[in-house]
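Got your viewer open? Load the model below and follow along, selection by selection.

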Amino acid sequence: MLQIDNLGKTFATGDTALANVSIDVPKGQILGLIGPSGAGKSTLIRCINRLVEPTEGAIRLGDVDLARVSARELRHQRRRIGMIFQEYSLVERLTVMENVLSGRLGYVSFWRSWTRRFPAEDIQRAFRLLDRVGLYEQANKRADALSGGQRQRVGIARALAQDPELLLVDEPTASLDPKTSRQIMRLITEICAERQLPAIVNIHDVPLAQQFVQRIVGLQDGRVVFDGPPEGLNEQT
Ligand code: ADP
Ligand code: ADP
């Protein structure tokens with residue numbers, strides 16, 4: 001489980017992007033993060049994977065405080081966190097299978113291993129993940145030949161290939177049409193439940209969040225202004 005305790009971030013410019021943010025995400029729970037532009041959503045996600053250095057508070061994943069790990073240890077800790085992005089960030093000239101395998105190793109070590117070939121079990125595992133996201137048949141297609149929805153499915157399989165303990169999902173449907181967006185949100189929520197993964201989804205589409213997540217956290221000016229089930233959001237606004 002993820003425990004964010006009293007997290008704060010003030011940038012060198014003096015801008016306070018987060019203040020006193022405390023959120024626990026139990027295993028299997030998917031939390032939808034909403035709030036207006038500038039509320040601190042990206043900063044929160046970036047503090048958890050330490051692309052941004054928090055200035056205050058703790059971020060515990062299991063018994064490790066991610067806010068405190070050394071730069072040296074960070075690489076290892078980041079392997080515990082699966083990332084899914086708005087723009088998929090697939091490697092265009094690689095196949096679907098290669099993109100998924102790269103998630104297991106990280107991109108740089110991927111190339112070293114590829115030349116020595118992957119163990120059969122890694123490939124079998126990648127096929128199982130592709131099957132789960134509905135892309136088994138597309139394994140040998142190049143990433144740039146896929147539709148937006150298919151690309152995001154590759155992004156999901158790639159994140160899962162590293163066996164994460166936490167998923168961070170940044171605007172997963174921002175580039176997709178409404179129907180595909182619902183399919184992707186359904187897939188992410190089902191997978192989190194199956195694997196008992198905690199997840200934070202930064203989502204600007206509030207009705208979509210309300211339809212698919214059990215819990216919504218609303219940020220405004222870097223503070224938590226709502227934390228509860230989606231039904232409660234209707235009553236408040
Ligand atoms: P959101 O993702 O909700 O749109 P952000 O986390 O991007 O919000 O930004 C939160 C606040 O922090 C904003 O006021 C933004 O201008 C500020 N901010 C974000 N990144 C930086 C940075 N690198 N330096 C200074 N201020 C920043
Ligand atoms: P997003 O669209 O993902 O929320 P932003 O447009 O908020 O991203 O930020 C893009 C980049 O600019 C990020 O690296 C962020 O840290 C930086 N940034 C955002 N606001 C500021 C700011 N006020 N001062 C300096 N850098 C900022």
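This tour starts at the ligand and then moves on to the helix packing. Bear in mind throughout that you're looking at a predicted model.

**Stop 1: the ligand shell.** Select ligand 1 and show what surrounds it. You should pick up Phe11, Thr13, Asp15 and Ala17, then the run Pro36, Ser37, Gly38, Ala39, Gly40, Lys41, Ser42 and Thr43. Colour these by class and you get four nonpolar, six polar and two charged residues. Now switch on the cartoon: which helix gives the largest share of the shell? That's H1, residues 41-48, with three residues.

**Stop 2: the backbone contacts.** Zoom in on the ligand's oxygen atoms and display the backbone of residues 38, 39 and 40. A polar backbone atom of glycine 38 sits 2.7 Å from an oxygen of ligand 1. Move along to alanine 39, where a polar backbone atom is 3.1 Å from a ligand 1 oxygen. At glycine 40, a backbone N or O atom is 3.0 Å from an oxygen atom of ligand 1. If you put a surface on the ligand, here's the tally: on its own ligand 1 exposes 560 Å², and the protein buries 63% of that.

**Stop 3: H5 against H6.** Leave the ligand and select residues 120-132 (helix H5) together with 148-161 (helix H6). Their axes come within 9 Å and cross at roughly 140 degrees. Angles over 145 degrees would count as roughly antiparallel, so this H5 and H6 pair falls in the oblique class. Turn the view until one helix lies over the other, and you'll be looking at a right-handed crossing of H5 and H6.

**Stop 4: H6 against H7.** Keep H6 and add helix H7, residues 178-195. Are H6 and H7 roughly parallel or roughly perpendicular? Their axes are 10 Å apart at an angle of about 15 degrees, so H6 and H7 are roughly parallel to each other. H6 passes H7 in a right-handed crossing.

**Stop 5: H3 against H5.** Go back to H5 and bring in helix H3, residues 96-105. The axes of H3 and H5 come within 10 Å and cross at roughly 110 degrees, which makes H3 roughly perpendicular to H5. The crossing of H3 and H5 is right-handed.

Notes
Residues are numbered from 1 along each chain as its sequence is written. Chains are lettered from A and ligands numbered from 1 in the order in which they are written. This is a predicted model: local features need pLDDT of at least 70, side-chain atom pairs count only at pLDDT 80 or more; totals for chains, interfaces and linings use all residues. Side-chain values use heavy atoms; hydrogens and water are left out. A residue is near a molecule or strand if one of its heavy atoms lies within 4 Å of it. A polar contact is a pair of N or O atoms within 3.5 Å; within protein, one must be able to donate a hydrogen and the other to accept it, and residues adjacent in sequence count only if both atoms are side-chain atoms. Accessible areas come from the Shrake-Rupley method with a 1.4 Å probe; for residues, only the protein chains shown count as cover. Helices (H or I, at least four residues) and strands (E, at least two) are DSSP runs, numbered from the N terminus. Ala, Val, Leu, Ile, Met, Phe, Trp, Tyr, Cys and Pro count as nonpolar, Asp, Glu, Lys and Arg as charged, and the others, Gly among them, as polar. Axes are lines fitted to C-alpha atoms, for helices over the stretch in contact, and angles run from 0 to 180 degrees between N-to-C directions. Angles under 35 degrees count as roughly parallel, over 145 as roughly antiparallel, 65 to 115 as roughly perpendicular and the rest as oblique. A crossing is left-handed if the near helix is turned anticlockwise from the far one by less than a right angle, and right-handed if clockwise.
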